[in-house]
Amino acid sequence: MAQEVYEAIADGILGGGVYALMAAGLTLIFGVLDIINIAQGILVVLGAYLSYVLSVHLHIDLFVGLLITIPVMFGVGVAIQWLFIRPLRGSERTSMTLLACYAVALIIEGILYSAFGANYVSLNAWYTQPNASVRVFGFFIPDIYLFGFGLAVVAALVLYYLLYRTTFGRSVRATMQDAVAARLVGIEVNRVAALTFGIGVAITAVGGMVYGSTSGGFNPNSGYDLISRLLAIIILGGLGSVGGAMLAAIFMTTAEALVDIWQPNWAVAVFYLALVLVLLVRPAGLLGRRAVRAQ
Amino acid sequence: MTRLACLVLVIVAAAVFPLVITNATATDIAVNAMIFVAAASAWNIFSGYSGYLSLGHAVFFGTGVYTVGIAARDWNLAGDKVFALLPLAGLTAAVIAVPLGLIALRVRRHTFVVITIAFFFIAQLTATNLKSTGGSSGLLAPVLNWTASTYNNPFYYAGLLIAAGTVLASFLIRRSRFGLQLRALRDDEDRAAGLGVRAMPVKLTAFTISAFITGLAGGLWFYFLGQAFPQFAFDPLFDLAVALMAFFGGLGTIAGPVLGALILEPAQLYLTLRITNDYLSEILLGVLFLVIILFLPRGVLPTAGEFLTAQRARLKERNRGR
Amino acid sequence: MTVLLRTEGISKAFGGVQALDDCSIEVEAASITGLIGPNGSGKTTLFNIITGYERPDRGEVFLGGKKITKKTPRQVFAAGLGRTFQLTRIFPRLTVLENMLIAQRHADRGRAMDQLEFCGIAGHSSALAGTLSYGQRKLLEMAYVLVADPEIVLLDEPAGGINPSLIHLIADRIKELNAQGKTFLVVEHNMEFVMNLCDHVAVLDYGRVVAAGPPAEIRQDPRVLDAYLGTGEEDDEPAA
């Protein structure tokens, strides 16, 4: 029994690392562009399918394949922002961009269904096999979980470096704080917006690869499951707080893993219940810094 | 005067429609169109007037579905009697809307949308997992022995009644003080609150009314379709469809959602009949939505209205020049 | 000579910035009181605190002797205090007339139209408020605040960014209403406007009240000049 609990906690924390990364991408997009990218879930699935194609048809290793999928997803992100989000103006801008993202998600889902059908597939490599695991303190942690977590940490460090140690990163942070002021000091806000969206989506390439290897099977419909979790995570963590999103991610996945021991069917409900409870007490989320009052 | 005449004409046409056009496919589409006129108008009553986009109205639709389904099954009802369950469907949805609204309406608009999505997934999950809802096998509606040729008619008239009632409600609300306060919240909630508008009760009332009607629509839909599965009773495409219809016709107007539903629902059904590839219709829906958002952001009616006004002005200019 | 609105020792800091520091002002009933000071002196913050949009760190606000410090904007409005904003706030998608109806407890189109007439924009009553020019919006905001018949009206830069004839119109209307007994507290940068209109002026600098009195006195007060010019040199001659 205790064994199961420890395993669940370990799985939860490691799995949470990847969700934390994807949630961070969402938060980044929200912080700079003030929109919630509902398509993030299906984009993760797209990233997973890209890794799948590279792995199955071109026999490229999953991790190596990232060198291709990351730039591709980055391009997809920039294209989405440039084509469908940037042109939106007017007083209804926030609602429109949300619906636009929803529409884009639908289109991508449809394309994936048309291309791959509804069959469940998964990403496989030597390190995703059931027996490929490491023994720690008497229980087994699958290799892929460790690799995935390691990857997430590396990606997070790269992101941190990008945001805090480069000029571009400074522009991003400035735009997050005050887009008008940023423009006034010469920052090309449109370019920053497009690039940030691209980065936020590029992260889904990483997330997609790990998700595809650890989910036990995915298909185009998996996007809903993902986006609902990601949304719950960023709200719980507080819109606009990357740290909060990461904390919430690890918390949620661990809680779900624990509940899964007793009630597998309802485990995912933990996400939403936690969300509702937190919002009752703190409408701004755990670490949210935006105005609490309904706008 | 001409407006009233037009309205009367429309009502008469709608009333005799199934008696004139007896083609089963046509009346089938008509029933669905009525259901969505009601659902889109209901969505507009809340989201269009208040500006709080709800992407979780499928919760109320599905609640209506399951209320009628479970009640008909447990109370052994069939035939005309099942229509009497529709108000119950609406009521159940409205009752659920109150706690949901109390939670969701306290937060700002971004978060609100996300919470409605969260509620949606909780609802879908619940329906899939509970035994009383039939789980993932779904529910069956009572089998009806009505005449095949006029089978659709009772459903059509029930739908017409609900749709007409909804449009009337939309009209009355817009003209009322309640509607004014609601619309003020959309423009500047804080300022409105500062001027004496009680935001939460106003928003919650609109939310509940919207939920009631959506529940009605769901109940009727279930009975007409004959069966319900959790993923279709609680369908994310429903949320997108009603939002699209309302936007297409003109968000926040009375006729907008009606027009949107009357155009888009038959179009979508027709496409589904012609294009057997389910996924293609999904892609088309997404593309259509993007096109509308990008090129007709205020919806067809308002944009057309502006276009006509501009044309009239141009004509006047030309006449003045003579 | 009764005091209608009073603040007592209001202090408010935002992060490291002390926006208001032990600020106490008095507004007499049926007066037109001006509140002036350089940019950043805390005038709008004081307005926000008085009307319930912000909470002070210390101090109290009294309206007609009753404490209103912790009241919400809605309660403050209901208590008889109306206010306009520096960046004019109207309801752009509602018609001009509808904008007026929001502020009324019970819809009274007649009164609303009268008020619009008084402010000179009755002709636009069925236009969408969003189509109004900047100056017209200012008038609309003032109109809908007035239609609720508040005891005291707080105006945040009513003369900002509009042409002189419009400024004149607004000043006239304020004088007319004041003659009927309405109290006004006006924040303004336009010195001519303030000096001609107000019976009493308070001057803020860095969140503190540095001077208060009739316009003629304030005009000559060296502390006021210091506040605006910021020199603090002894050999500065006070303006005539």
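Which residue of β8(C) stands opposite C:Gly82? The partner is C:Val153, and the sheet that holds this pair is described below, after the model as a whole and chain A.

This is a predicted model, in which local features need pLDDT of at least 70 and side-chain atom pairs count only at pLDDT 80 or more, while totals for chains, interfaces and linings use all residues. Residues are numbered from 1 along each chain as its sequence is written, and chains are lettered from A and ligands numbered from 1 in the order in which they are written.

Chain A contains 11 helices and 2 strands; helices (H or I, at least four residues) and strands (E, at least two) are DSSP runs numbered from the N terminus. Read from the N terminus, its elements follow the order α-α-α-α-β-β-α-α-α-α-α-α-α. The radius of gyration of chain A is 19 Å, close to the 19 Å that the globule rule gives for 295 residues, so the chain is as compact as a globular protein of that length. That radius is taken over C-alpha atoms, and the rule is 2.2 Å times the number of residues to the power 0.38. The C-alpha trace of chain A spans about 60 × 50 × 35 Å along its principal axes. Of the 295 residues in chain A, 54% are buried (20 or more other C-beta atoms within 10 Å of the residue's own, against 12 or fewer for exposed and values in between for partly exposed, with C-beta atoms placed from the backbone).

Confidence in chain A is expressed as pLDDT, the predictor's confidence in each residue from 0 to 100. The average for chain A is 82, and 94% of the residues score at least 70. Among the elements of chain A, helix α2 (residues 40-57) has the highest mean, 92, and strand β2 (residues 139-142) the lowest, 74. Over residues 290-295 of chain A the pLDDT is below 50. Where pLDDT is low, the predicted coordinates should not be read in detail.

Among the 2 pairs of chains that touch, chains A and B have the most contacts (a contact requires C-beta atoms, placed from the backbone, within 7 Å). Chain A contributes 41 residues and chain B 35 residues. On the side of chain A that touches chain B, α4 (93-116), α9 (222-237) and α11 (269-281) of chain A each supply at least two residues. The largest share, 16 residues, comes from α4(A). This side of chain A divides into 31 nonpolar, 8 polar and 2 charged residues; Ala, Val, Leu, Ile, Met, Phe, Trp, Tyr, Cys and Pro count as nonpolar, Asp, Glu, Lys and Arg as charged, and the others, Gly among them, as polar. Chain A and chain C do not touch, and their nearest C-alpha atoms are 10 Å apart.

Within chain B, B:Gly299 lies in the loop between α12 (278-295) and α13 (300-321). B:Gly299 counts as buried because it has 24 C-beta neighbours inside 10 Å. B:Gly250 is 49 residues away from B:Gly299 in sequence, yet the two are 4.1 Å apart in space, C-alpha to C-alpha.

Chain C carries an open sheet of 6 strands in the order β7-β8-β9-β4-β10-β11, with mixed pairing; strands pair if DSSP finds at least two bridges between them. At the edges stand β7 (81-83) and β11 (208-213) of chain C, each with a single partner strand, so one side of each is left without a neighbour in the sheet. β7(C) pairs with strand β8 (residues 152-156) of chain C in the parallel sense over 3 bridges.
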